[in-house]
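User: I would like a close look at one part of this protein, namely its disulfides. Please set them in their surroundings and keep the wording plain.

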Amino acid sequence: MRPSSLIAACGFGLLSLVATEARAEDCATMLQPHIEWVRTGDVNSRLYDVNVHAVSIVNVSGGGARGLASSLTGQLTTYTGSICRIVGGYWSCTPAKIGNSSANSSQVFSDRSYWTGDWSVGWQDFSAYAKDSWTLSVSSTGVVTMQSNTWGFTTSVTPTACANGVLYGFETGGTTFWSFTFEDVNNTIY
């Protein structure tokens with residue numbers, strides 16, 4: 001067997017092991033414990049928050065900034081329950097969500113570099129000195145709403161899948177792919 005065939009066979013074997021461990025989830029089911037965590041904290045005057053970590057990649061099809069990547073981190077700290085009302089003679093409901101009323105996330109980009117001051121290292125991508133500021137919210141159905149405090153626009157990510165604790169989806173317009181993970185944290189000071 002040629003070395004390249006052996007590598008390919010090992011790669012497919014590893015992929016099959018990983019694939020059997022993967023499990024698809026309903027996004028609402030995956031997010032429910034996180035939403036309940038923040039709601040419980042709000043009810044009991046505790047700081048039960050959810051850390052958000054996300055990565056985006058601009059779609060390789062089409063023009064523009066092909067291959068641009070970003071990393072976003074933030075925190076969701078407030079709960080808003082679902083609201084139902086009559087609109088035009090029909091019931092209309094907005095799902096429960098967790099978010100924040102002010103900037104709660106920052107995003108760094110692969111095309112924003114900074115000089116490290118070290119000739120052996122040189123320039124580094126994902127400059128912490130050129131971050132964008134965002135206000136995020138996540139609905140109980142999995143829609144992530146993102147308001148840019150840096151550039152003054154709002155966009156959303158509609159989930160295409162949830163699996164193994166990760167929410168995947170495309171941003172409005174379908175050009176940017178996102179993946180989000182969520183982590184419950186207790187920031188209460190006793």
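User: Before the disulfides, where in the protein is confidence lowest, and where is it highest? Then, which cysteines form the disulfides, and where do they lie?

Analyst: This is a predicted model, and confidence comes before the details. The mean pLDDT of the protein is 81, with 83% of the residues at 70 or more. Confidence is lowest in helix 1 (residues 3–21), where the mean is 36, and highest in strand 14 (residues 166–171), where it is 94. For residues 1–22 the pLDDT is below 50, and apart from near neighbours in sequence this stretch has three contacts in the model.

Now the disulfides. A disulfide is a covalent bond between the sulfur atoms of two cysteines. The structure holds two of them. Counting bonded cysteines along the chain, their pattern is 1-4, 2-3.

One disulfide is formed by Cys27 and Cys162, with 2.0 Å between the sulfur atoms. It links distant parts of the chain, since Cys27 belongs to helix 2, Cys162 belongs to strand 13 (residues 154–163), and the two are 135 residues apart. The torsion about their S-S bond is about 105 degrees, so this disulfide is right-handed. Is each of its cysteines buried or exposed? Cys27 has a relative accessible area of 10%, and because the limit for buried is under 20%, Cys27 counts as buried. Cys162 has a relative accessible area of 2% and is also buried.

Helix 2 spans residues 27–43 and includes Ala28. Ala28 has a relative accessibility of 31%, so this residue counts as partly exposed. Ala28 also gives a second example of residues separated along the chain: Ala28 and Thr141 are 113 residues apart in sequence, but their C-alpha atoms are 4.9 Å apart in space.

The other disulfide joins Cys84 to Cys93, again with 2.0 Å from sulfur to sulfur. Here the angle about the S-S bond is 115 degrees, and the link is right-handed. Cys84 has a relative accessible area of 42%, which makes it partly exposed. Cys93, at 48% relative accessibility, is partly exposed too.

The strands around this link can be described as well. Strand 5 (residues 83–87) and strand 6 (residues 90–94) are paired in the antiparallel sense, over five bridges. Within this pairing, Ile83 stands opposite Thr94 of strand 6. The hairpin made by strand 5 and strand 6 has two residues between the strands, and Gly88 in this hairpin takes a positive phi near 60 degrees.

Two further places in the model complete the surroundings. Asp49 lies in strand 2. At 6% relative accessibility, Asp49 counts as buried. Beyond its neighbours within four places in sequence, Asp49 has contacts that include Trp37, Val38, Gln75, Glu183 and Asp184.

The other place is the largest pocket, with a volume of about 280 Å³. This pocket is lined by 18 residues, and those closest to its centre are Val58, Leu68, Gln107, Phe109 and Thr176. Among the strands that each supply at least two residues of the lining are strand 2 (48–58), strand 8 (105–109) and strand 15 (176–186).

To return to the request: Cys27 and Cys162 form one disulfide, and Cys84 and Cys93 are joined by the other.

Notes:
Residues are numbered from 1 along each chain as its sequence is written. This is a predicted model: local features need pLDDT of at least 70, side-chain atom pairs count only at pLDDT 80 or more; totals for chains, interfaces and linings use all residues. Side-chain values use heavy atoms; hydrogens and water are left out. Two strands pair if DSSP finds at least two bridges between them. Helices (H or I, at least four residues) and strands (E, at least two) are DSSP runs, numbered from the N terminus. Buried means under 20% relative accessible area, exposed over 50%, partly exposed in between (1.4 Å probe, protein chains only). A disulfide is a pair of cysteine sulfur atoms within 2.5 Å. pLDDT is the predictor's confidence in each residue, from 0 to 100. Contact means heavy atoms within 4.5 Å. On a 1 Å grid over the protein atoms alone, a cavity is a set of points where a 1.4 Å probe fits but cannot get out, and a pocket is an open set with protein on both sides within 12 Å along at least five of seven lines; lining residues have an atom within 4 Å of a point. Grid points are joined across faces, edges and corners, and a volume is the space filled by probe spheres set on the points.
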